[in-house]
Amino acid sequence: MQLTLLDKNRPLKNSLILFVFTLFFCFVGGHLRLPAELSLFWPINALLTAIFVRFSWLHRPYYYLVCYSAMVLNDTLFSGWAIPAFTLNAANLLFILVAVSMLIQRPGLLNASGRVKSALNIFPACLLASIACATWGALAQGLLISERFLPAWSDWLSEQFSTGVLLLPFLLTLPRRPSLLSTLRRWQNCLPIASLMLSLSAAVVIGGGGSLSFPVPALIWCAISYPLWLTSGLTLITGISEIVLVMHGLMNIQGDDSLLPLGHLASARLGVATVAISPLIVAVSMDAIRQLNHQLALRANHDFLTRQLSRSGLYERLHQLQKNSDLRARVAGVLLIDVDYFKSINDNYGHDAGDAVLFEVAQRMQQAVGQEGLVCRFGGEEFLVLLFGLSDEQLLEKAEAIRHSIMQEKIMLRGSGVAVTVSIGVASGDLETNNVSESFNRLVSAADKQLFISKRNGRNQTTSSLISENAVSHTPA
Ligand SMILES: Nc1nc2c(ncn2[C@@H]2O[C@H](COP(=O)(O)OP(=O)(O)OP(=O)(O)O)[C@@H](O)[C@H]2O)c(=O)[nH]1
């Protein structure tokens with residue numbers, strides 16, 4: 001909805017726009033009722049709700065008063081009401097106030113990620129707003145024109161609720177620049193709309209109690225294929241069409257003179273079938289989404305080049321271990337491993353050769369660690385090995401085994417064997433189960449200090465502060 005006409009700093013202009021807008025749609029709404037085909041359609045409440053939610057700075061008593069006075073003026077001018085114009089329009093105002101207060105705290109509605117979830121809030125918001133509006137409206141109607149409460153209440157409720165639920169999802173999700181053409185560029189993308197038209201036609205031809213639900217599977221197909229605003233728009237059009245078709249008798253939900261010789265039961269059976277198939281379609285698409293999410297998570301958690309855990313994957317794994325209580329009473333050992341003089345490998349043999357070295361080093365590391373621990377590419381040419389339940393001596397032995405496995409055999413680069421070595425820093429300690437990330441980070445920085453000592457003392461060695469008070473360095477073998 002492009003409403004740049006409204007301007008935060010120009011209250012008078014805003015008031016005028018809101019006043020004319022309200023007056024116009026009250027007038028339209030009033031006249032839509034006369035021919036009866038849209039007697040379930042009173043759009044101004046939903047329209048104003050959408051405006052107040054999208055432009056939350058309008059949510060002030062002053063602007064509500066402006067809209068209310070336009071509603072009263074419309075009824076006084078065109079319906080010849082006096083006091084009823086004040087009391088009945090208070091019901092409209094009540095709808096807007098309740099709906100806006102329930103939707104305005106949810107700014108997620110206006111950004112893509114929160115839209116689907118937040119759109120579901122429209123349903124309870126419309127229901128509560130309609131109940132409030134219907135209760136006030138039916139009471140006022142009873143007092144003013146002695147109408148019975150329950151029929152009046154159900155009229156108000158169904159009118160407000162259906163209008164709100166049809167209009168608001170569309171109005172609240174409509175982007176500033178909707179691009180219908182890009183969505184429907186390929187003919188296959190038009191199939192859901194075509195099936196919607198087909199199902200609506202089938203509902204007209206078949207008729208009966210079940211026919212109202214015939215478009216549901218097609219609408220779900222639209223929901224899977226199109227953006228939220230377009231699906232909401234199509235739902236709105238379908239809803240209005242059904243109401244108009246029923247009012248004109250073109251869609252015969254009584255089912256007694258349907259075009260096809262189908263009885264009530266046949267129509268109901270078809271209706272039930274369409275309802276039953278709808279959750280299935282949603283379930284299948286949800287399954288596809290879950291699989292996609294799983295693949296994405298796998299990609300995010302693994303390093304593309306070395307196929308080992310990525311840094312974020314390691315933290316994710318730590319949180320899983322924490323959730324499963326697998327960290328309890330198990331000392332954690334961190335080996336921080338950095339390839340020596342890696343820059344010169346890149347410089348002498350090229351970046352591709354550097355990549356190949358990283359891959360080979362990771363493979364050798366993984367073979368040395370086996371199932372005992374986790375290997376992670378921590379960043380650049382730095383790796384981290386996480387091991388659980390090893391004593392300080394065992395940890396140092398493991399670090400040395402890794403270092404030897406890497407230097408043991410030269411790596412072939414452009415036809416010549418290159419000796420690659422690594423420097424290692426070792427640290428160990430308990431991971432606090434209620435604060436895994438922080439205690440793990442402390443271990444990493446302790447290991448990093450030891451790695452620095454390994455580098456400073458000439459590289460290709462392991463340093464650990466665990467064995468004696470003084471750092472132990474294992475000089476090149
Ligand atoms: N080929 C390749 N190079 C990388 C990658 N990530 C980081 N590097 C390079 O790794 C090099 C790291 O260089 P330095 O931090 O100077 O370390 P170094 O040359 O190994 O020296 P020391 O660590 O002090 O032994 C940089 O040149 C980075 O560009 C990668 O994914 N592929």
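This is a short tour of the ligand and its surroundings in a predicted model.

**Stop 1: the ligand.** Select the ligand, then show the residues around it. You should find 16 of them, and the ones that come nearest are F342, K343, N346, D355 and R377. Try colouring this shell by class: eight of its residues are charged, four are polar and four are nonpolar.

**Stop 2: three polar contacts.** Now zoom in on single atoms. Start with K455: an N or O atom in its side chain sits 2.9 Å from an oxygen atom of the ligand. Next, click on E381, where a side-chain N or O atom is 3.2 Å from a ligand oxygen. Then go to H351. Which part of H351 should you look at here, backbone or side chain? Go for the backbone: one of its N or O atoms lies 3.1 Å from a nitrogen atom of the ligand.

Switch on a surface while you're here. On its own, the ligand would expose 670 Å², and the protein buries 66% of that.

**Stop 3: the elements around the ligand.** Zoom out and switch to cartoon view. Select β1 (332–339), α14 (342–349) and α15 (351–369), the elements that each give two or more residues to the shell. Which of them gives the largest share? That's α15, with four residues.

**Stop 4: α15 and its partner.** Keep α15 selected and add helix α16, residues 392–407. Two packed helices are described by the angle between their axes and the distance between the axes. Here the angle is about 140 degrees, and the axes are 9 Å apart. That angle makes α15 oblique to α16. Finally, turn the view until one helix lies over the other: α15 passes α16 in a right-handed crossing.

Terms used:
Residues are numbered from 1 along each chain as its sequence is written. This is a predicted model: local features need pLDDT of at least 70, side-chain atom pairs count only at pLDDT 80 or more; totals for chains, interfaces and linings use all residues. Side-chain values use heavy atoms; hydrogens and water are left out. A residue is near a molecule or strand if one of its heavy atoms lies within 4 Å of it. A polar contact is a pair of N or O atoms within 3.5 Å; within protein, one must be able to donate a hydrogen and the other to accept it, and residues adjacent in sequence count only if both atoms are side-chain atoms. Accessible areas come from the Shrake-Rupley method with a 1.4 Å probe; for residues, only the protein chains shown count as cover. Ala, Val, Leu, Ile, Met, Phe, Trp, Tyr, Cys and Pro count as nonpolar, Asp, Glu, Lys and Arg as charged, and the others, Gly among them, as polar. Axes are lines fitted to C-alpha atoms, for helices over the stretch in contact, and angles run from 0 to 180 degrees between N-to-C directions. Angles under 35 degrees count as roughly parallel, over 145 as roughly antiparallel, 65 to 115 as roughly perpendicular and the rest as oblique. A crossing is left-handed if the near helix is turned anticlockwise from the far one by less than a right angle, and right-handed if clockwise.
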